[in-house]
Structure formats: structure tokens, C-alpha cells
Amino acid sequence: MIRRPRLRLFGVAAIVSAIASGAVLQAPSRSAVPGDIGVWVNVTPANVDLTSRLDCDNYGTTTIAADPARQSDIYTYFDCQGIWKSTDYGVTWSGPINTGIGGANVRGAGGLAIARGAEGQPPILYTAGIRGTGTGFWKSTDGGVNWARYHVAPGGNRQDFYKPEVNPYNPAHLLMAGHEMELVVESFDGGRTWAAMPLADGMKGFAGTAGIYFINTGSADTTAVTWLWVAQMTGGKAGTWRTAAAGKSWTFVNNNERPHGGMQIYQPDTSGVIYIAGVYSRSGWGVLRSTDFGQTWNHVGKRSAQATVFGTPSKVFSAYSWACGVCTVAPDLQSAPSPGAHSWATVPTPPEMKMGPAQTATVFDGNRYVIISANWHAGLWRYVD
């Protein structure tokens with residue numbers, strides 16, 4: 001979730017205030033300065049392995065989150081290796097920081113989410129993993145050093161889940177989707193206990209991992225029960241569903257589906273505008289835009305497969321990637337001036353950016369908006385708008 005005046009990002013950023021250990025490493029490329037505005041810079045730390053299979057089938061990095069109380073602090077999870085942290089808006093990184101109690105086990109293939117802690121205290125860091133020792137749901141309350149694992153009872157023996165989604169008004173209210181399971185779970189106590197949520201018949205019977213996201217309505221009460229569910233690539237048969245009743249009833253809203261591996265939605269404010277990206281929408285593959293909190297959708301941008309949407313106050317971006325392992329997938333980066341209803345154009349990317357982002361975080365450094373992206377085995381990238 002982006003934290004800045006009147007801008008939020010869902011499915012992306014989140015939070016941790018941190019007690020980081022390990023030496024700070026200079027990124028291989030120079031930090032962004034005014035001359036670098038509008039240029040993607042590789043900021044992958046030198047001590048990570050993006051391509052070796054290691055012991056949990058390493059896909060690089062697919063998740064990144066920003067501390068809402070400390071814009072300079074950003075966190076990422078490298079598959080099979082653990083958590084890294086930046087305290088300078090993504091220029092340099094230290095890690096692994098998960099060196100305390102339980103931390104050695106948080107090194108699988110996992111996703112990262114952050115929730116705001118008590119006033120003056122570190123934020124809460126959540127992870128959920130699908131492979132390796134980090135499989136299952138984990139929680140840190142001290143910035144990623146010490147970790148506790150909690151059993152997700154509705155998952156039974158299977159504890160592989162995609163990263164939690166955090167209610168923007170309640171740091172203890174979480175949603176998660178089961179990995180290749182027909183299952184969405186909800187927690188109101190920061191992950192200690194979980195309950196399975198009801199799904200409509202049209203959402204059932206398909207393989208793959210669905211995406212589940214809170215829709216920020218501007219009200220704590222209605223945001224808690226208003227969610228978007230997006231199926232993983234069924235050819236448009238399952239599509240996208242919306243509930244305003246915490247899953248007690250669902251409405252089919254589009255055929256759009258997410259590529260294998262994930263997607264990121266973008267909600268710049270609470271006016272009702274939401275962007276999603278994907279495939280198989282009958283409106284056209286690519287980016288869809290809603291102005292009524294996800295009840296109806298219109299296609300914007302190029303008609304091509306896309307996966308993530310993100311932005312700053314001046315621009316909206318989208319890109320493509322999927323979970324294909326150590327592979328090359330053209331990012332097909334697109335952008336439009338905000339509010340992103342038209343004038344989309346292709347944006348060039350460096351040849352070293354061999355994959356688009358699985359997730360991004362946007363922060364404000366007091367002068368410029370900075371995007372940090374987690375691009376699978378292509379590593380971490382930084383862009384100053």
C-alpha cells in the first residue's frame with residue numbers, strides 16, 4: 001500500500017519498520033539523482049542469488065513493500081534467502097535481516113505484506129510461503145528479525161498460501177488465497193486464527209491461485225467487507241468477482257483473469273477509481289479501469305497481456321510478467337498520464353530488465369515519487385518520476 005497524501009496502492013506495498021542486521025550493501029547501479037529521472041536503475045543487492053535453484057526453486061524476488069510510517073524503509077523477500085531492507089528509498093539494501101528467533105526458517109518462496117504498528121513502534125511484517133522452509137504463514141513484530149509461524153487451520157495439512165492482503169484500516173484484518181487451492185481465508189487477529197470464506201459456485205472448480213484484494217471505499221466499515229477476487233487463467237470462464245458482504249454474496253463483474261504467478265491492482269485514492277490488468281477480458285486483454293469501486297470496468301491502454309498496475313500522482317503504469325522460472329518475458333511496459341483513462345503508450349525498458357514486475361511499491365522522498373519493483377529473476381529496479 002502506497003502511503004502518501006491521498007494515494008494508496010493495494011496489492012503491493014505494505015509495511016515494516018525495522019531492526020535490520022547485516023552490512024549495508026551498495027547497489028550495483030548508482031542511485032537516482034535529478035539526471036536519472038524517468039530511468040529504470042537496477043538496485044539488486046550484490047549478495048543475492050537470482051538464478052540458482054537453491055533449495056526451494058528460486059524465482060528471484062516477487063514481492064516488495066514500503067513502511068507507511070517511514071517512507072525511506074522498503075522491504076523485499078528473495079526466494080530461498082530471506083528478507084532484505086533499504087533505508088534510503090531503495091538505493092542500497094542490507095540483508096538477510098531475518099536473523100532472530102524463527103528467522104532462519106523464513107527463507108522459502110514467499111510473499112511480503114506489512115501493517116502499521118502502534119504509534120512509535122515498528123510496523124508488523126507478514127509473510128506467506130509456498131515452497132521451502134518459509135512455507136506457511138509467518139509474522140514479525142520487530143521489523144523482520146524475529147518470527148513466529150501460525151497454522152492456517154482451514155488449509156489443513158496444506159499451508160502453502162500467497163501473501164496476505166491487509167485491510168488499510170485494520171492491521172490485524174487479513175485475507176489470503178490458497179496456492180493452487182479453492183480457498184480464501186480471513187483473519188481478524190493478525191493471523192493467529194483463520195476462517196474459510198464462502199465462494200460463489202462460478203468461482204469453484206478451476207485450478208490455479210486466485211487473487212483476493214480489499215477495495216478501499218473510504219469507509220472502514222465497508223472496506224472490511226468489500227473485496228475483489230480474480231481467478232488465475234481459466235480462459236475467461238471464472239473471471240473477476242466482487243463482494244460487498246465479506247463473501248456471503250458475490251457478483252461476477254468481468255472475464256479478466258490474472259497470469260500464473262500473480263497480479264497487482266492499483267487504487268490511487270478513494271474516489272472509486274481502480275485499475276486491474278490481466279488476460280481473457282472480453283473488453284480486451286490488458287488494463288481495465290473502474291470508476292465505481294470495481295462494479296463495472298472499461299478497457300484502457302494497449303490490448304496485450306498485462307499483470308501489474310501501479311503509479312504516481314502524474315502517471316499510471318502497467319507491465320507483464322508471470323511465473324515461468326528462469327526465463328525471459330518482455331515487460332511490455334505501458335504508461336499513461338493520470339488519471340489513465342486514455343493516451344497509453346509503450347515505454348522502453350533496459351535490456352537487463354528481462355521480466356516485468358510481480359509487485360511494486362511507490363514512496364515519496366520529499367521531492368520525488370520513487371517506484372521500486374520486484375522483477376522476479378531480473379531483480380530489483382528503481383524509477384524516479
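Let me start with Thr308 and what surrounds it. Setting aside neighbours within four places in sequence, Thr308 is in contact with Gln264, Ala277, Phe317, Ser318, Ala319, Pro357, Ala358 and Gln359. The residue sits in strand β22, which covers residues 308-311. Its relative accessible area is 1%, so Thr308 is buried. I should say at once that this is a predicted model, and the contacts I list are contacts in that model.

Now the whole protein. There are 385 residues, and 63% of them count as buried. The secondary structure comes to 1 helix and 28 strands. Taken along the principal axes, the C-alpha atoms fill a box of roughly 50 × 45 × 40 Å. If we take the contacts with a separation of 6 or more, 54% of them are between residues 24 or more positions apart.

How confident is the predictor, on average over the protein? The mean pLDDT is 91, and 91% of the residues reach 70 or more. The stretch to set aside is residues 1-32, where the pLDDT is below 50. That stretch still has 148 contacts in the model beyond near neighbours in sequence. Where pLDDT is low, predicted coordinates should not be read in detail.

Next, a second buried residue, Ala128. Ala128 is placed in strand β8, and that strand runs over 124-131. With a relative accessibility of 2%, Ala128 counts as buried. Not counting residues up to four places away in sequence, Ala128 touches Ala109, Gly110, Gly111, Gly136, Phe137, Phe161, Tyr162, Lys163, Pro164 and Met176. Take Gly111 from that list. Ala128 and Gly111 are 17 residues apart in sequence, and their C-alpha atoms are 5.5 Å apart in space.

Two of the residues that Ala128 touches, Tyr162 and Lys163, bring us to the largest pocket. Its volume is about 470 Å³. The lining has 32 residues, and the closest to the pocket centre are Thr62, Tyr162, Lys163, Gly261 and Gly262. Which strands each supply at least two residues of that lining? They are β3, β7 (109-115), β8, β12 (170-177) and β15 (211-214). By class, the lining of this pocket has 16 nonpolar, 11 polar and 5 charged residues.

There is enclosed space as well. Rolling a probe the size of a water molecule over the atoms shows where empty space is left. In this structure there are 4 cavities of 30 Å³ or more. The largest cavity holds about 140 Å³ of space. It is lined by 18 residues, and the closest to its centre are Met181, Phe206, Gly208, Ala210 and Trp229. The lining of the largest cavity divides into 12 nonpolar, 5 polar and 1 charged residues.

On to the disulfides. The count comes to 2. With bonded cysteines counted along the chain, the pattern is 1-2, 3-4.

One disulfide joins Cys56 to Cys80, with 2.0 Å from S to S. The torsion about that S-S bond is about -95°, so this disulfide is left-handed. The pair links distant parts of the chain, 24 residues apart. Cys56 is in the loop between β2 (40-42) and β3 (61-66), while Cys80 is in the loop between β4 (74-78) and β5 (82-86). Are these two cysteines buried or exposed? Both Cys56 and Cys80 are buried.

The other disulfide joins Cys324 to Cys327, with 1.6 Å from S to S. Here the angle about the S-S bond is 60°, and the link is right-handed. Cys324 has 22% relative accessibility and so counts as partly exposed, whereas Cys327, at 15%, counts as buried. The cut-off for buried is under 20%, so the two cysteines fall on either side of it.

The last residue on my list is Thr270. Thr270 lies in the loop between β18 (251-254) and β19 (274-278). Its relative accessible area is 34%, so Thr270 is partly exposed. How many residues separate Thr270 and Val329 in sequence? They are 59 residues apart in sequence, and 33 Å apart in space from C-alpha to C-alpha.

That is the tour, and I will take questions now.

Note on methods:
Residues numbered from 1 in each chain as written. Predicted model: local features only at pLDDT ≥ 70, side-chain atom pairs only at ≥ 80, totals over all residues. Heavy atoms only, no water. 1 Å grid on protein atoms, 1.4 Å probe; cavity = no way out; pocket = protein on both sides within 12 Å on 5 of 7 lines; lining within 4 Å. Points joined across faces, edges and corners; volume = space filled by probe spheres on them. Nonpolar A, V, L, I, M, F, W, Y, C, P; charged D, E, K, R; others polar. Disulfide = S-S within 2.5 Å. Helix = DSSP H or I, 4+ residues; strand = E, 2+ residues; numbered from the N terminus. Buried < 20%, exposed > 50% of the residue type's maximum accessible area, 1.4 Å probe, protein only. pLDDT = per-residue confidence, 0-100. Contact = heavy atoms within 4.5 Å.
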